[in-house]
Amino acid sequence: MDMTRIPAREGNYNVTSYEEVREKFDWEEIKKAFTWYETGKVNAAYEAVDKHANNPSLQDKVALLYTAPDREEKVTFSQLSKRSNQVANVLKKYDVQKGDRVFLFMPRSPEFYASFFGILKIGAIAGPLFEAFMEQAVRDRLEDSEATMLITTPELLQRVPVDELPKLEQIVLISDEEIDTDKYIDFNKEVTNAAETFDIEWVDLEDGMLIHYTSGSTGKPKGVYHVHNAMIQHYATGKWVIDLKEDDTYWCTADPGWVTGTSYGIFAPWLHGVTNVIRGGRFTPESWYETLDKHHVTIWYTAPTALRKFVSAGEELVRQYDFSHLRHIMSVGEPLNPEVITWALRVFDLRIHDTWWMTETGAMLIVNLPCMEIRPGSMGKPIPGVDAAIVDNEGNVLPPNQMGNLAIKKGWPSMMRAIWSNPGKYESYFLNGWYVSGDSAYMDEDGYFWFQGRLDDVINTSGERVGPFEVESKLIEHKAVAEAGVIGKPDPERGEIIKAFITLNPGYEASDELLEDIRLFVKTGLSAHAAPREIEIKDSIPKTRSGKIMRRLLKSWELGLPTGDTSTLEE
Ligand code: 6R9
């Protein structure tokens, strides 16, 4: 078989011709799938949960199939609706207002999802945080968003510098242990006692729903702000790209601290009334295969970093499980290696559909539909209703096969509406009517897009975006570290690993113990995924005349490449 072209398979897909749906396409038609199109009243939590809870044929269907090493639970649409109503009632009791930011810092659990919808139902803005975040990361996000309420656990609360966050007025704790109710709100007690009905706050399509923080190459993490209108695209891509049907059992492996874990771990499946598998606990190839097998997962949305681990785990393991229910696999977050596509065809006899999008774009933009031919190494083509192009630095569209900035014509439904408290940053994304992604790519003659790399210095390690600046800032907080420059170093399994170059303060000697101490310092102070796997000590860190660390140069050194233009180099 020709591995540069993987044909579509026969199937009863929601979209049977890419060209046809693109030509006829009209966002207005999609809107008719929503109740608000008739009523004029909108809330994404209603469309994803309550609507199905009110529908006699869906109310007792399993919405959330939770599976973790120590807990398994099935939650129906009706139960999810009632539990999120209970959370909304508790929020109301404690005076949470429309537009307030309520952050979630807890493990993936049924309580997380009830809380998430409870926040939306009261018209507040949800801010999900990765469970792995350490103090600095938590502080930056709560400070910038001016969150007034945090829902967390007693263990994770230890990483919240409460005394330094004056706006954070209320903390809700989820625990089976006794809770000091003079200081905290007891989630279990309050929710159990709350009413199961709630008058949902009808909001505007352009009202805030969600903030996801994401790292850039400079400065603190950016709060990417999304509104209820985004659900239109979550729904549409769920239909066309994921190909969701009512009897599917769908599993998106992403954490809700990442945009994939909300857009496609919450909205797309539940807007379609589909059974959604949520897995808690750590990753092992065995436990993930078991989840696919045991729960008869039909569509699996995951990331190249996980897929590469399955490749490493070997084919023998695959044969121990039954994957006959799977229809296709989907991928996002990093370039999907052609080897992985070939592997999945061989061992699962399934296609992997790559999808490209960003925290800022809110939903998939460049995709492989089930009815499309796959060209391994390419991310696919733009979804209906969206124009993508390669533009130069002035915003002029370039011809096919020329490398440049991957850009999207402004105005798709799920586009971010702001960078929280940073209008200048928001404006800087746009050029000549185009949203400029920061990725470099080219388009072939047939309209397939091919990813080349990030234009800035953002590191993508195991699918997590890490800003070098954040890591450098933490490194130099260590008493032994004078200066630091951080880069992503290509790695076959993780995509990139974090490598740090540092200079030492006088009086410090290089040693393995010292390097390990520095690594742990970042790990416990920032987060595990941001800790450098490699640290190298240098006499100086290359900088530009304006004082900017030349990470590009560090990278060239590391990879043994020509150093290019060094005219702005300091010394
Ligand atoms: C959803 C998400 C966005 C950045 C993006 C790009 C990289 C995402 C990709 C891909 C190659 C793909 N990326 N999908 N690179 N092929 N299919 O990943 O959001 O965490 O904001 O990252 O990830 O560099 O610009 P986010």
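**Close-up 1. The lining of the largest cavity in this predicted model.** Let's start inside the protein. Ten names make up this lining, and they fall into stretches of the chain: Met 106, Pro 107, Arg 108 and Phe 112, then Pro 128, Leu 129 and Glu 131, and finally Asp 255, Pro 256 and Gly 257. How do these residues divide by class? Six are nonpolar, one is polar and three are charged. The space they surround in the largest cavity is about 40 Å³. Counting cavities of 30 Å³ or more gives four in the model.

**Close-up 2. Helix H4 meets helix H6.** Here we look at residues 44-53, which form H4, beside residues 110-121, which form H6. Their axes come within 9 Å and cross at roughly 130 degrees. Angles between 115 and 145 degrees count as oblique, so that is the word for H4 against H6. The crossing in which H4 passes H6 is left-handed. On the H4 side, look for Ala 44, Ala 45, Ala 48, Val 49 and Asp 50; on the H6 side, Phe 117, Leu 120 and Lys 121 make the contact. Six residues of this contact are nonpolar and two are charged, with no polar residue.

**Close-up 3. Helix H4 meets helix H11.** H4 returns in this view, now with H11, which spans residues 259-271. What is the crossing angle of the two axes? It is roughly 50 degrees, and the axes come within 9 Å. H4 and H11 are therefore oblique to each other. H4 passes H11 in a crossing that is left-handed. Find Ala 44, Glu 47, Ala 48 and His 52 in H4, and you will see them meet Phe 267, Trp 270 and Leu 271 in H11. This contact of H4 with H11 has five nonpolar residues, one polar and one charged. Ala 44 and Ala 48 may look familiar: they belong to the contact with H6 and also to the one with H11.

**Close-up 4. Helix H17 packs with helix H18.** Our last stop is further along the chain, where H17 covers residues 468-475 and H18 covers residues 512-525. The two helices pack at an angle of about 120 degrees, and their axes are 9 Å apart. That angle makes H17 oblique to H18. Is the crossing left-handed or right-handed? H17 passes H18 in a right-handed crossing. Val 471, Lys 474 and Leu 475 of H17 touch Ile 518, Phe 521, Val 522 and Gly 525 of H18. By class, five residues of this contact are nonpolar, one is polar and one is charged.

How values were computed:
Residues are numbered from 1 along each chain as its sequence is written. This is a predicted model: local features need pLDDT of at least 70, side-chain atom pairs count only at pLDDT 80 or more; totals for chains, interfaces and linings use all residues. Side-chain values use heavy atoms; hydrogens and water are left out. On a 1 Å grid over the protein atoms alone, a cavity is a set of points where a 1.4 Å probe fits but cannot get out, and a pocket is an open set with protein on both sides within 12 Å along at least five of seven lines; lining residues have an atom within 4 Å of a point. Grid points are joined across faces, edges and corners, and a volume is the space filled by probe spheres set on the points. Ala, Val, Leu, Ile, Met, Phe, Trp, Tyr, Cys and Pro count as nonpolar, Asp, Glu, Lys and Arg as charged, and the others, Gly among them, as polar. Axes are lines fitted to C-alpha atoms, for helices over the stretch in contact, and angles run from 0 to 180 degrees between N-to-C directions. Helices (H or I, at least four residues) and strands (E, at least two) are DSSP runs, numbered from the N terminus. Angles under 35 degrees count as roughly parallel, over 145 as roughly antiparallel, 65 to 115 as roughly perpendicular and the rest as oblique. A crossing is left-handed if the near helix is turned anticlockwise from the far one by less than a right angle, and right-handed if clockwise. Contact means heavy atoms within 4.5 Å.
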